[in-house]
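Visitor: I am new to this structure and would like a close look at one part of it. Please take the places where helices pack against each other, and add whatever helps to put them in context.

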Amino acid sequence: QSSHNSSRSSLSSALASPRSPSGDGSPQAMRSFALPANPTTADKLRHSVRWSLNSQWTHAVDNGQHPEARLEQSKVNQPSLEVLISEANHCSFLVTLGLTRSKLKDNHVASIADVVASHATLKELDLSHNHLGTEAGSQLAGAVRRSPSMLVLDVSNNKIKDAGCQALYEAAITPRHGNGIILVLATLNLTNNPVSRKFKQRLESSSSSDSDIRV
């Protein structure tokens, strides 16, 4: 038993320290998630998110695995988005972030793009079924180009027109350095966006052996 606890402690130390842009160095798996006396809706969400991430971390460590967390929410409002982005930024083992069916618009994307551009482990982002437009597409494309880890991006069922989808396509197939290796997006889902027939035909006729582009 003591050997198991020692092993868990060592693995905890190795895996729990987050990529923390705020510089506070708080390990996600050790962060307090106790509710205050009079919790707001945001407090309740933060409690729920931290409980989920802690549970995912503990389960992985107890099974001798490298933690890989998923953080997925739908119908997210602005205060909830701020909580989710903050928690994502502090989670060093987050691999999937999903913010679907939340009526997100272009003005909501800057903070999400910042996470994509700088997070060391985030591999998959699902922003499908929102109200994102061409400007959001361009911002996300810039973030993908800087991302050290992103592999899958789903922006299907949005309002991104030709220019934004073109920017995303170019970002998807452009090799970039990430965590010591060369990366491209494995999958980019652009389906059900209001692109022109000409644009769709051009992308469908283009081929990339490394990227699955869906339009």
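Guide: What follows goes from the whole chain to two helix pairs, and then to the cysteines and two loop residues.

The model is predicted, so local features need pLDDT of at least 70 and side-chain atom pairs count only at pLDDT 80 or more, while totals for chains, interfaces and linings use all residues. Residues are numbered from 1 along each chain as its sequence is written, and side-chain values use heavy atoms, with hydrogens and water left out.

The protein chain holds 7 helices and 8 strands; helices (H or I, at least four residues) and strands (E, at least two) are DSSP runs, numbered from the N terminus. Of its 215 residues, 44% count as buried. Buried means under 20% relative accessible area, exposed over 50%, and partly exposed in between, with a 1.4 Å probe and protein chains only. A contact means heavy atoms within 4.5 Å. Among contacts between residues at least 6 apart in sequence, 78% join residues at least 24 apart.

The pair to look at closely is H4 and H5. Helix H4 covers residues 109-118 and helix H5 residues 134-146; they pack at an angle of about 15°, and their axes are 8 Å apart. Axes are lines fitted to C-alpha atoms, for helices over the stretch in contact, and angles run from 0 to 180 degrees between N-to-C directions. H4 and H5 are therefore roughly parallel to each other, since angles under 35 degrees count as roughly parallel, over 145 as roughly antiparallel, 65 to 115 as roughly perpendicular and the rest as oblique. Their crossing is right-handed. A crossing is right-handed if the near helix is turned clockwise from the far one by less than a right angle, and left-handed if anticlockwise.

On the H4 side, the contact is made by Val 109, Ala 110, Ala 113, Val 116 and Ala 117. H5 contributes Ala 136, Gln 139, Leu 140, Ala 143, Val 144 and Arg 146. By class, this contact has 9 nonpolar, 1 polar and 1 charged residues. Here Ala, Val, Leu, Ile, Met, Phe, Trp, Tyr, Cys and Pro count as nonpolar, Asp, Glu, Lys and Arg as charged, and the others, Gly among them, as polar.

Within H4, the residues Val 109, Ile 112, Ala 113, Val 115, Val 116 and Ala 117 are buried. Their cover includes H5, helix H3 (78-90), strand S2 (94-100) and strand S3 (124-126).

The other pair is H6 (residues 162-173) and H7 (residues 197-205), packed at an angle of about 15° with axes 10 Å apart. That makes H6 roughly parallel to H7. H6 passes H7 in a left-handed crossing. Asp 162, Cys 165, Gln 166 and Tyr 169 of H6 make the contact with Phe 199, Arg 202 and Leu 203 of H7. These residues divide into 4 nonpolar, 1 polar and 2 charged.

Cys 165 counts as buried at 0% relative accessibility, and Cys 91 is also buried, at 0%. A disulfide is a pair of cysteine sulfur atoms within 2.5 Å, and by this rule the count is 0.

Two loop residues complete the picture. Lys 103 sits in the loop between S2 and H4; its phi is near 60°, a positive value in a residue other than glycine. Lys 103 counts as exposed at 59% relative accessibility. Asn 192 lies in the loop between strand S7 (187-189) and H7, with a phi near 60°, and is exposed at 56%.
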